[in-house]
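Please open the model in your viewer and keep the sequence panel visible beside it. The tour below proceeds stop by stop, with a selection to make at each.

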Amino acid sequence: MVFSKVEDWGNLPGSLVHIRFQGRTICAGIVDCVTDDGGMLWIHPDSDVRKLVERALGFEAWKQVEDQSVPLMSR
């Protein structure tokens, strides 16, 4: 899987992301909502309660991207 750091958090609601802090993934889940300024998001990690993540504290959101170099196989 290939992941890319997301600079604009405003487009993340509904997306599956990994939250990283100081280079380490601390949780992964679906983004519930994002503040209007894109500075904070709420994430639902698997089997856990919703968490608030604040960009200004150094957290990063990483989203899985399609790997365009691998051709799709036909069935």
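Helices (H or I, at least four residues) and strands (E, at least two) are DSSP runs, numbered from the N terminus. With that convention, Q22 is found in the loop between β2 and β3. The model is predicted, and local features need pLDDT of at least 70, side-chain atom pairs count only at pLDDT 80 or more, and totals for chains, interfaces and linings use all residues. Residues are numbered from 1 along each chain as its sequence is written, and side-chain values use heavy atoms, with hydrogens and water left out.

**The whole chain**

Begin with a cartoon view of the entire protein. The protein has six strands and zero helices, and from the N terminus on its elements run β-β-β-β-β-β. Next, colour the residues by accessibility: buried means under 20% relative accessible area, exposed over 50%, and partly exposed in between (1.4 Å probe, protein chains only). Of the 75 residues, 27% count as buried. For contacts, meaning heavy atoms within 4.5 Å, consider those with a separation of 6 or more: residues 24 or more positions apart account for 43% of them.

**Q22, in the loop after β2**

Select Q22. Its phi is near 50°, a positive value in a residue other than glycine. Q22 counts as exposed because its relative accessibility is 69%.

**R20, in strand β2**

Move back along the chain to R20, which lies in strand β2 (residues 16–21). What is the nearest side chain of opposite charge to this buried residue? That side chain belongs to E60, 5.9 Å away, and R20 has no salt bridge. For this comparison, Lys and Arg count as positive and Asp and Glu as negative; His and the chain ends are not counted. A salt bridge is a side-chain nitrogen of Lys or Arg within 4 Å of a carboxyl oxygen of Asp or Glu.

Display the side chain of T25 as well: the side chain of R20 makes a polar contact with it at 3.5 Å. A polar contact is a pair of N or O atoms within 3.5 Å; within protein, one must be able to donate a hydrogen and the other to accept it, and residues adjacent in sequence count only if both atoms are side-chain atoms. To complete the view, select the residues that R20 touches, not counting residues up to four places away in sequence: F3, T25, I26, G58, F59, E60 and W62.

**P13 and the cysteines**

Select P13, in the loop between β1 (2–6) and β2. P13 counts as partly exposed because its relative accessibility is 42%. Which residues does P13 touch, not counting residues up to four places away in sequence? They are V31, D32, C33 and V34. Draw a distance between the C-alpha atoms of P13 and C33: they are separated by 5.1 Å, although the two residues are 20 apart along the chain.

C33 is partly exposed, with a relative accessible area of 28%, whereas C27 counts as buried at 12%. The structure holds zero disulfides, a disulfide being a pair of cysteine sulfur atoms within 2.5 Å.

**The hairpin of β4 and β5**

Turn to strand β4 (residues 40–45) and strand β5 (residues 51–54), which pair in the antiparallel sense over four bridges. Two strands pair if DSSP finds at least two bridges between them. Select M40 and then E54, its bridge partner in β5. The hairpin has five residues between the strands, and S47 takes a positive phi near 50° there.

**The salt bridges**

How many salt bridges does the structure hold? There are four. Start with R50 and D32, whose closest N and O atoms are 2.5 Å apart. This pair links distant parts of the chain, with R50 in the loop between β4 and β5 and D32 in strand β3 (residues 24–34), 18 residues apart. R50 is partly exposed at 40% relative accessibility, and D32 is partly exposed at 36%.

Next, select D48 and K51, a salt bridge with closest N and O atoms 3.3 Å apart. D48 is partly exposed, with a relative accessible area of 41%, and K51 is partly exposed at 34%.

Finally, select E7 and K5, whose side chains meet in a salt bridge (3.9 Å, N to O). E7 counts as exposed at 53%, whereas K5 is partly exposed at 36%. Add E60 to the selection: K5, E7 and E60 are linked in a network of salt bridges.
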